[in-house]
Amino acid sequence: MDTQRARSPVEGPCAPGHPQGGNGCYHARMAAKKQKQLGARVDQDVADLAKKRAADLGLSVGDYLARLVQDDASGLRAHAVEAAARFLAEHQDVFDEAENAQQTSPGARAA
């Protein structure tokens, strides 16, 4: 029976000369990446959303949170929100027309 721990494709190999399997490989990879573990308490619904969104993107929760922080710190998120606001302002008449078309009187609908 093989006692080596199966690794997912995102984990990568152990450090050269480091024994395979167990937490040793994990710790070797984390040390090589110079990552820092953080702890945070959030509401259960926030934790569930973070897990689902990370899975949707094919990321770990840690990598997803790191991406959010980097996007926020770089101003990317603010630029995206500003661009969305400009788009809505420029095309508000189209949205108003679509909304008005949906609000027809019950007698005007086709049978």
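## Phe95 and its patch

Phe95 is partly exposed, at a relative accessible area of 35%. The model is predicted. Partly exposed covers the range between under 20%, which is buried, and over 50%, which is exposed; Phe95, at 35%, therefore falls in that class.

Phe95 sits in helix 5, which spans residues 92–102. On the surface, Phe95 joins Phe87 and Leu88 in a nonpolar patch. Together these three residues have about 270 Å² of accessible area. A patch residue needs over 30% relative accessible area, so Phe95, at 35%, meets that cut-off.

## Ser74 in helix 3

Helix 3 runs through residues 61–74 and includes Ser74. Ser74 has a relative accessibility of 53%. The cut-off for exposed is over 50%, so Ser74 counts as exposed.

The Ser74 side chain also makes a polar contact. Its partner is the backbone nitrogen of Leu76, at 3.3 Å.

## Fold and contacts

The protein has five helices and zero strands. Along the sequence the pattern reads α-α-α-α-α.

Consider the contacts between residues at least 6 apart in sequence. Of these, 3% join residues at least 24 apart.

## Surface and burial

The protein has 111 residues, and 11% of them are buried. Its accessible surface comes to about 9,500 Å². Carbon and sulfur atoms account for 57% of that surface.

Methods
Residues are numbered from 1 along each chain as its sequence is written. This is a predicted model: local features need pLDDT of at least 70, side-chain atom pairs count only at pLDDT 80 or more; totals for chains, interfaces and linings use all residues. Side-chain values use heavy atoms; hydrogens and water are left out. Patches are made of residues with over 30% relative accessible area and no salt bridge: like charges are joined within 9 Å, nonpolar side chains (Val, Leu, Ile, Met, Phe, Trp, Tyr) within 5 Å. Accessible areas come from the Shrake-Rupley method with a 1.4 Å probe; for residues, only the protein chains shown count as cover. A salt bridge is a side-chain nitrogen of Lys or Arg within 4 Å of a carboxyl oxygen of Asp or Glu. Helices (H or I, at least four residues) and strands (E, at least two) are DSSP runs, numbered from the N terminus. Buried means under 20% relative accessible area, exposed over 50%, partly exposed in between (1.4 Å probe, protein chains only). A polar contact is a pair of N or O atoms within 3.5 Å; within protein, one must be able to donate a hydrogen and the other to accept it, and residues adjacent in sequence count only if both atoms are side-chain atoms. Contact means heavy atoms within 4.5 Å.
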